[in-house]
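Q: Please take a close look at one part of this model. Start from a single loop residue, then follow the connections outward.

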Amino acid sequence: MKEFANLDFDRKKRTGFHEVVFCQGKKDDFLVKIFADLYEKNGEVLGTRASEAQAKLIKSHFPNAEYDELSHIIKLQKEEKPLEGNIAVCSAGTADLYVAEEATLTAEFFGSKVNRFYDVGVSGLHRLLNHLPEIDEANCVVAVAGMEGALASVLGGLVSVPIIAVPTSVGYGAAFGGISALMTMVNSCANGISVVNIDNGYGAGYISTQINRLAVHGRVRE
């Protein structure tokens with residue numbers, strides 16, 4: 001197969017962000033070539049849903065690649081970016097951290113400063129309330145929760161900034177692999193909540209960075 005990818009090198013001019021690689025399911029030689037071409041052209045690459053085997057493969061070609069085993073994010077950067085603004089990433093439980101870290105590392109890769117507030121779910125509401133003043137100072141909040149997904153609704157009634165709700169597939173049988181949390185979030189009566197797909201930490205990190213950039217700079221297209 002000669003033409004296996006049609007890379008979008010002009011994406012940052014249009015949207016402010018380089019193309020990101022969804023690693024899952026890609027053949028090894030395809031993945032290496034995609035990383036190589038993007039790195040040569042852009043000087044950086046972010047890959048999501050990378051397996052440990054894929055990370056090992058990329059590191060064998062690019063020794064400076066960094067892989068996070070929790071979020072399955074792999075990144076290549078020639079230089080670190082200064083972080084700006086303020087995004088709060090909140091997770092209901094420790095089991096949700098793989099999604100919360102995907103959101104956090106994505107936002108940081110794109111230049112946003114992120115403050116983590118983990119294990120602050122509604123079963124111990126005091127843990128969330130203890131951090132509420134700090135969370136409300138953020139330009140936007142990412143709320144990551146499985147089970148019944150109530151964290152986003154609680155935050156929606158307490159903070160003055162936009163909330164990106166991320167349902168996770170964490171939970172027992174009636175959680176239906178994240179459907180229960182998804183339905184809670186999209187049916188929330190709290191205002192200011194938008195919802196991304198189940199386990200889509202990357203999507204939340206991307207959107208939160210767009211909001212953060214608007215708060216810091218106004219409309220930005222680099």
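A: **A loop and what surrounds it**

H72 sits in the loop between strand 3 and strand 4. This is a predicted model. The phi of H72 is near 65°, a positive value in a residue that is not glycine. Most residues other than glycine have a negative phi. H72 has 31% relative accessibility, so it counts as partly exposed.

Now take S71. Its loop runs between strand 3 (66-68) and strand 4 (73-77). Is S71 buried or exposed? It is buried, because its relative accessibility is 2% and the cut-off for buried is under 20%. The side chain of S71 makes a polar contact with the side chain of D68, at 2.7 Å. Setting aside residues up to four places away in sequence, S71 touches Y98, E101, E102 and L105.

E102 is the next stop. E102 belongs to helix 4 (residues 97-109). At a relative accessible area of 2%, E102 is buried. Which residues does E102 meet, leaving aside neighbours within four places in sequence? The contacts are T48, R49, S71, I73, D199, N200, G201 and Y202. So E102 is where the path divides: S71 leads back to the starting loop, while R49 and Y202 lead elsewhere.

Follow R49 first. R49 lies in the loop between strand 2 (44-48) and helix 3. Like H72, R49 is a non-glycine residue with a positive phi, here about 55°. R49 counts as partly exposed, because its relative accessibility is 29%.

Helix 3 brings in a helix pair. Two packed helices are described by the angle between their axes and the distance between the axes. Helix 2 (residues 28-42) packs against helix 3 (residues 52-61) at an angle of about 50°, and the axes are 10 Å apart. That angle makes helix 2 oblique to helix 3. The crossing of the two helices is right-handed. Helix 2 contributes D28, L31, V32 and F35, and helix 3 contributes Q54, L57, I58 and H61. By class, that contact holds five nonpolar, two polar and one charged residues.

Now follow Y202, another contact of E102. Y202 is 58 residues from V144 in sequence, and their C-alpha atoms are 12 Å apart. V144 sits in strand 7 (residues 140-145). V144 counts as buried because its relative accessibility is 0%. Not counting residues up to four places away in sequence, V144 touches C90, S91, A92, D96, V99, A100, L151, V166 and T168.

V166 gives one last link. It touches V144, and it also touches N197. N197 is in the loop between strand 9 (193-195) and helix 9 (201-217). Beyond residues up to four places away in sequence, N197 touches V166 and P167. N197 and V142 are 55 residues apart in sequence, with 13 Å between their C-alpha atoms.

To retrace the path: H72 shares the strand 3 to strand 4 loop with buried S71. S71 touches E102. E102 in turn touches R49 and Y202.

Technical notes:
Residues numbered from 1 in each chain as written. Predicted model: local features only at pLDDT ≥ 70, side-chain atom pairs only at ≥ 80, totals over all residues. Heavy atoms only, no water. Axes fitted to C-alpha atoms, helices over the stretch in contact; angles between N-to-C directions. Helix = DSSP H or I, 4+ residues; strand = E, 2+ residues; numbered from the N terminus. Parallel < 35°, antiparallel > 145°, perpendicular 65-115°, else oblique. Left-handed = near helix turned anticlockwise from the far one by under 90°. Contact = heavy atoms within 4.5 Å. Nonpolar A, V, L, I, M, F, W, Y, C, P; charged D, E, K, R; others polar. Buried < 20%, exposed > 50% of the residue type's maximum accessible area, 1.4 Å probe, protein only. Polar contact = N/O pair within 3.5 Å; in protein donor to acceptor, adjacent residues only side chain to side chain.
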